[in-house]
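The following exercises are to be worked through with the sequence and the model in view. Each task is followed by a solution in steps.

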Amino acid sequence: MLGVTRHIVAGRGFAASMTVLDALNSALDEEMSADPKVSLMGEEVGEYQGAYKISKGLLDKYGPDRVCDTPINEAMDHIINSAAKSNYMSAGMISVPVVFRGPNGAAAGVGAQHSRLCYINDGGPERRDADELPCMAVSFKSLTWGKATAEALDSSFCLPIGKAKIEHEGKDVTITAFSKMAGYALEAAEILEKDGISAEVINLRSIRPLDRTTINTYVRKTNRLVSVEEGFAQHGVGAEICASVGEESFEYLDAPVESISGADVPTPYAPNIERMAFPQVEDIVRATKRACYR
Amino acid sequence: MSLIHRSSSLLKPLAAGPASLLRRPFSSATDDDATKITVETSVPFTGHRIDPPPRTIDTTPKELMTFFVDMARMRRMEIAADSLYKSKLIRGFCHLYDGQEAVAVGMEAAITRKDCIITAYRDHCIFLGRGGTLLEAFAELMGRKAGCSKGKGGSMHFYKKNGGFYGGHGIVGAQVPLGCGLAFAQKYSKEDHVTFALYGDGAANQGQLFEALNMAALWDLPAILVCENNHYGMGTAEWRAAKSPAYYKRGDYVPGLKVDGMDVFAVKQACKFAKEHVLKNGPIILEMDTYRYHGHSMSDPGSTYRTRDEISGVRQERDPIERIRKLILSHDIATEKELKDIEKEVRKEVDEAISQAKESPMPEPSELFTNVYVKDHGVE
């Protein structure tokens, strides 16, 4: 899921690593194989093998009853108002065991209308226990061809919802990020290490529910926080993290929280200004140094 | 074949007959707006709740030559864009229109620049038809200052307001309600102008289309909904996406016309007819039966969901440029060599525009923050 690749020689002597694309594909395959009631439905998921080839081979393997190509349709209202709220409104009677999976975030050069959609839950290609409640799993477009971590290759690997992951422990400052920015944060941590700053990186993974406990626990340890996200600052994930840390861990902070986010503009197409619209590794390094008063 | 060269200033054309017996110097053909040539569309129109227009149309050598050059230019531009994309000078999404040129050119021939056109993301050729230049197109594709959107829009967001072109939209079907809004403005201002809102066979199933159509019909807006049916919504064939792929009938209470979208004269006739209709009666749907040679976008080879035979079959039987070439040759308006020379000229034009576009710099960093708020107020 990140820019990090860990090659592990697995039991049978072959090197295990795969792209996020393949990891997503194998996750879908595993879920459909394990439970015959699991079906896949969406635009181009069947014959086209998925808009980004994520559902490659699934139609052939599971047949048209379980892998359904749909015509175009608008789902956002139903995701928010029907899927997300039905269990609540019916006091638990109606369950909606659906995972809405899609590509999200900024990809390179796709312009203003294809660069920002709203994202609720960020997850990896791992299995998800969507027993009763729907969740929206989005993988960032530009990461689709990145490398998945080795743990994710294990078929029983299951990601708990609502739990962040400490990608890298550190002493001086905590950096929170998710998806592509988590990869950037790790790169920034490496650069900062050379400058004598030990930066911790927390990969949020779950946006809602947000793992406030983990964030606060680790901020109380390092006393400094930098939040990084691709989305807009206002009403963003970083804003919520700041609020949470301000409420729970105010006395532990040695510096104001640094919040890095995308520029408050529609995404431009030209590569030079597109790059300026989103946080880059050097922005994270700079902000982290600021948080450390350097 | 014996060739008789005559200077056009000495000899007037035979009154009502075709120019086939006289061999004209090429330059006079392109100016010849007087000689009447009658053509027939490849197939008759099919109407839904409306009597279709006739399939015979009058044209002139000048018009035929213009159609040829315009379509050749569009074709060349798209093919050049393919190479630029492969050389990574164009990034992101790039949806090419080659094969569909007759729709852009035929429509333009029937209307004025005060009429509006709005379309989706397969917009490069419509932009050209509305008066956009090759330089503006290539510069935009490469994200440069000289681009029609100053490099900020990209392939899917070309605009030309002074040419009546309102984009260039990425979200499937969203341009149709916007187009009905343009028609609303035209009616409100009591102009005698109309709006053509283009969409594809995939978008034809979008709910917002029907919502907008309902309102347009209720208020008698001068809106012409044009379904560019190239038979594939991305990788999904029309019969797998629509219970009723007779898109010209999908308006139900709104009349419709099915048109051979590979025949520039059919397109012109239909658009002319539609414009007259909507100014008096409210919306109409035109279904253009067309075809794209490329895949959905540059990341789609276009051959996993359709056969190469099908693609080459259409190219052989229905190519819009070849159709005009045959007409020009059969009416002796120009020779094969002359047409090939034109194509060479067009190729040169395109190559020059590309070099110029490459010279254009990327936008200033300050452009990141312009055009967000009024007078750039408050953007930090």
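**Exercise 1.** Determine how β9(B) pairs with strand β10 (residues 284-289) of chain B, and which strand joins β9(B) in the antiparallel sense.

*Solution.* Step 1: β9(B) and β10(B) run parallel and are joined by 5 bridges; two strands count as paired if DSSP finds at least two bridges between them. Helices (H or I, at least four residues) and strands (E, at least two) are DSSP runs, numbered from the N terminus. The model is predicted: local features need pLDDT of at least 70 and side-chain atom pairs count only at pLDDT 80 or more, while totals for chains, interfaces and linings use all residues; side-chain values use heavy atoms, with hydrogens and water left out. Residues are numbered from 1 along each chain as its sequence is written, and chains are lettered from A and ligands numbered from 1 in the order in which they are written.

Step 2: Within this parallel pair, Gly256(B) stands opposite Ile285(B).

Step 3: Strand β2 (residues 46-48) of chain B runs antiparallel to β9(B), with 3 bridges between them. Here Gly47(B) faces Leu257(B).

Step 4: β9(B), which spans residues 256-260, is mostly covered, as 4 of its 5 residues are buried (buried means under 20% relative accessible area, exposed over 50%, partly exposed in between, with a 1.4 Å probe and protein chains only).

**Exercise 2.** Describe the open sheet of chain A and state which strands stand at its edges.

*Solution.* Step 1: The sheet has 5 strands in the order β10-β12-β11-β13-β14 (chain A), and its pairing is mixed.

Step 2: β10(A) and β14(A) (258-262) each have a single partner strand, so one side of each has no neighbour in the sheet.

Step 3: On average, neighbouring strands of this sheet are turned by 25 degrees against each other, direction ignored. For such angles, axes are lines fitted to C-alpha atoms, for helices over the stretch in contact, and angles run from 0 to 180 degrees between N-to-C directions.

Step 4: The pairing of β13(A) with β14(A) is parallel, over 4 bridges. One residue pair can be named: Val228(A) has Ile260(A) in β14(A) as its bridge partner.

Step 5: Helix α9 (residues 281-291) of chain A packs on the sheet and touches β11, β13 and β14 of chain A (contact means heavy atoms within 4.5 Å). The direction of α9(A) makes about 160 degrees with that of β14(A).

**Exercise 3.** Establish which residues of helix α6 (residues 212-222) of chain A are buried, and what covers them.

*Solution.* Step 1: Thr214(A), Ile215(A), Asn216(A), Val219(A) and Thr222(A) are buried.

Step 2: Their cover includes β10 (165-168), β11 (173-177), β12 (199-203), β13 (225-232) and α7 (237-248) of chain A.

Step 3: α6(A) lies across β10, β11, β12 and β13 of chain A and runs at about 180 degrees to β12(A).

Step 4: Thr214(A) serves as an example: its relative accessibility is 14%, and therefore Thr214(A) counts as buried. Leaving aside residues up to four places away in sequence, Thr214(A) touches Ala164(A), Ile166(A) and Ile202(A).

Step 5: After the helix comes Asn223(A), with a positive phi near 70 degrees.

**Exercise 4.** Find where the partners of the salt bridge between Asp319(B) and Arg75(B) lie, and examine a second pair, Glu322(B) and Arg325(B).

*Solution.* Step 1: A salt bridge is a side-chain nitrogen of Lys or Arg within 4 Å of a carboxyl oxygen of Asp or Glu. The structure holds 34 of them over all chains.

Step 2: In the pair of Asp319(B) and Arg75(B), the closest N and O atoms are 2.9 Å apart. Asp319(B) belongs to the loop between α10 (308-318) and α11 (320-330) of chain B and Arg75(B) to helix α2 (residues 61-86) of chain B, so the pair ties together parts 244 residues apart in sequence.

Step 3: Asp319(B) is buried at 4% relative accessibility, and Arg75(B) is buried at 11%.

Step 4: Between Glu322(B) and Arg325(B), the closest N and O atoms are 3.0 Å apart. These two residues are separated by about one helical turn because they are 3 residues apart in helix α11 of chain B. Glu322(B) is partly exposed at 30% relative accessibility, whereas Arg325(B) is buried at 10%.
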